[in-house]
Amino acid sequence: MAPSTAAANRSASASSGGSPSGTATGGSNSSPASSTCHTANLRIAAKNQGEARQGVGSVLITFTNKGGDCRMAGFPGVDLKTNYGNQAVDRNKQEVGIPFTLRAGKTATADVVYPMNDTGGSGVHVTALVITPPNETHPITAPVNFSLPVSDKNTGRLEVTPVFKPVS
């Protein structure tokens, strides 16, 4: 069997977010708050939240700033590691990432939403997310455990939200 149509239509290339979505702003003369948040200065984790609403699951991605103040804007790149190989996650085109300063020690979040596997079959087993922060090129791999349905029908969207500013 093959992954669902929605999942199968996704390219395994990094074009949907596995590569940087822009270039870092500022240079050596810019203030820390105008520098892009770099992977090396972030603690990145992913946690499956289970069913967020009927038939839709959610994985919460957290970006904790362990360096100085930095800028975040846009979508993280996310690829799934599955029993069928790697698969890129599309961006939610209905949402817009708003630039913000991620203060030292603060956490920003993004969500991966996916169709729940309620087919009774084993589905496409997801074992990890390969996550690249917005405007960055260095990914990390975070373990997760969930299953996508295997079907010829479009069973829902698999997509990532932009990174959201932490609540003050």
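This is a short walk through one predicted protein model, from confidence to sheet, core and disulfide.

Okay, ground rules. Residues are numbered from 1 along each chain as its sequence is written, and side-chain values use heavy atoms, with hydrogens and water left out. Since we're on a prediction, local features need pLDDT of at least 70 and side-chain atom pairs count only at pLDDT 80 or more, while totals for chains, interfaces and linings use all residues.

So, confidence. pLDDT is the predictor's confidence in each residue, from 0 to 100. The protein's mean is 80, with 76% of residues at 70 or more. By element, helix H1 (residues 5-8) has the lowest mean pLDDT, 34, and strand S4 (residues 77-82) has the highest, 97. Those labels are DSSP runs numbered from the N terminus: helices are H or I with at least four residues, strands are E with at least two. Over residues 1-32 the pLDDT is below 50, yet beyond near neighbours in sequence this stretch has 61 contacts in the model; a contact is heavy atoms within 4.5 Å. Where pLDDT is low, don't read the predicted coordinates in detail.

Next, the sheet. Four strands make an open, antiparallel sheet in the order S5-S4-S9-S10, where pairing takes at least two DSSP bridges between two strands. S5 (85-88) and S10 are the edges, each pairing on one side only. S9 and S10 pair over 7 bridges, and Ile 131 sits opposite Ile 140 in S10.

Now the core. By that I mean buried Ala, Val, Leu, Ile, Met, Phe, Trp, Tyr and Cys residues joined through side-chain atoms within 4.5 Å. Buried is under 20% relative accessible area, exposed is over 50%, partly exposed is in between, with a 1.4 Å probe and protein chains only. Which members of the largest core touch the most others? Out of 31 residues, they are Phe 63, Met 72, Val 112 and Leu 129. Looking further than four places away in sequence, Val 112 touches residues including Ile 61, Val 78, Leu 129 and Leu 158.

Pro 115, in strand S8, counts as buried because its relative accessibility is 5%. Its C-alpha is 6.6 Å from that of Leu 158, 43 residues apart in sequence.

Last, the disulfide, meaning two cysteine sulfur atoms within 2.5 Å. The whole structure has 1: Cys 37 and Cys 70, sulfurs 1.9 Å apart. The pair links distant parts of the chain, from the loop between H1 and S1 to strand S3. The link is right-handed, at 90 degrees about the S-S bond, and both cysteines are buried.
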